[in-house]
Amino acid sequence: MQDNLPIFITRPEPDATISAKKWQATGLNASAFPLMEFCLIPNILPLNIKFNAVVFTSKNAIRALEMIGLTNELKSILVFCVGANCANFATNLGFSNVKSADGNVDDLVKLLANNKRHIKEGILYPRAKNISKDLKTRCKPIGLDIVDFIIYNLQPIDLPKEIII
C-alpha cells in the first residue's frame, strides 16, 4: 500500500472540513471534498401540533433549527439522538435532557420504545426533505406519534468539468 494516499471527505460542510482536520491531525492526507450542500428550508412550526420530545437523526437538523431560531424553545424538553456525535452536538448547544441511541435508526426506535412512558404527546422530528429510513413508519407500530418537520435538504454539488473522469 502506498503511503499518504489522499482521502476525500465527501460529507457536507461544515462536517467535511471538521472531519478532514481530524484525519490530518493523525498524519493522513485528508481533504474536504463535499458532494452535497446543506440548504435550509425555511419552515414555520405549526401551532396546532403537540409534542413533548424531539428526535434528531442528524446534526444538520439541529443546525437548521438553530438557523430559524427554534433551539431555545426546545432546549429543556426530552431529546433523542441517533448517535453520540449528534447527542454531543445537541448538548454543546445547550440541550439539557439528551439521550443517545449510540447507533442507527433501528437503535433509535428501540430507545424511543424504551422511553415511551416519558413521551406524553408527539415527538417532533426536524429532518431533511429526503431521508434514507422512515422513522415515522417504524414508530407507528409501537404507538409513537412522530411529527415530521421538514427543515433542510441536501442538494448535490455540481462538480467542475475538469475533475469529472
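**Reading ring pairs and helix packing around phenylalanine 95**

Mentor: Leaving aside neighbours within four places in sequence, phenylalanine 95 is in contact with Phe56, Ile62, Thr71, Leu74, Lys75, Val79 and Ala90. Please keep in mind that this is a predicted model.

Trainee: Where is phenylalanine 95 found?

Mentor: Phenylalanine 95 is found in the loop between α4 and β6. Its relative accessible area is 3%, and because buried means under 20%, phenylalanine 95 counts as buried. In space, its C-alpha is 8.5 Å from that of asparagine 72, and the two residues are 23 apart in sequence.

Trainee: How many aromatic pairs does the structure hold?

Mentor: The structure holds 3 aromatic pairs. A pair of aromatic rings is described by the distance of the centres and the angle of the planes. For phenylalanine 56 and phenylalanine 95, the ring centres are 5.8 Å apart and the planes stand at 75°, so this pair is edge-to-face.

Trainee: Which parts of the chain does the pair link?

Mentor: The pair links distant parts of the chain, 39 residues apart. Phenylalanine 56 belongs to strand β4 (residues 51-56), whereas phenylalanine 95 is in the loop between α4 (84-92) and β6 (97-100). Both phenylalanine 56 and phenylalanine 95 are buried.

Trainee: How should one read the packing of helix α2 and α4?

Mentor: Two packed helices are described by the angle between their axes and the distance between the axes. Here the axes of helix α2 (residues 59-67) and α4 come within 9 Å and cross at roughly 20°. The two helices are therefore roughly parallel to each other.

Trainee: Which residues make the contact?

Mentor: From α2 come Lys59, Ile62 and Arg63, and from α4 come Asn85, Cys86, Phe89 and Ala90. By class, the residues of this contact divide into 4 nonpolar, 1 polar and 2 charged.

Trainee: What sits over the ring of phenylalanine 89?

Mentor: The charged end of lysine 59 sits over that ring, 5.5 Å from the centre.

Trainee: May we consider a second loop residue? Where does leucine 28 lie?

Mentor: Leucine 28 lies in the loop between α1 (15-25) and β2 (29-32). Leucine 28 has a relative accessible area of 35%, and because partly exposed covers values between 20% and 50%, it is classed as partly exposed. Not counting residues up to four places away in sequence, leucine 28 touches Asn4, Ile7 and Trp23. The C-alpha atoms of leucine 28 and asparagine 97 are separated by 36 Å, with their positions 69 residues apart along the chain.

Methods: Residues are numbered from 1 along each chain as its sequence is written. This is a predicted model: local features need pLDDT of at least 70, side-chain atom pairs count only at pLDDT 80 or more; totals for chains, interfaces and linings use all residues. Side-chain values use heavy atoms; hydrogens and water are left out. Rings of Phe, Tyr and Trp (its six-membered ring) pair if their centres lie within 6.5 Å; planes under 30 degrees apart count as stacked, over 60 as edge-to-face and the rest as tilted. Helices (H or I, at least four residues) and strands (E, at least two) are DSSP runs, numbered from the N terminus. Buried means under 20% relative accessible area, exposed over 50%, partly exposed in between (1.4 Å probe, protein chains only). A charge sits over a ring if NZ of Lys or CZ of Arg is within 6 Å of the ring centre and within 35 degrees of the ring normal. Contact means heavy atoms within 4.5 Å. Axes are lines fitted to C-alpha atoms, for helices over the stretch in contact, and angles run from 0 to 180 degrees between N-to-C directions. Angles under 35 degrees count as roughly parallel, over 145 as roughly antiparallel, 65 to 115 as roughly perpendicular and the rest as oblique. Ala, Val, Leu, Ile, Met, Phe, Trp, Tyr, Cys and Pro count as nonpolar, Asp, Glu, Lys and Arg as charged, and the others, Gly among them, as polar.
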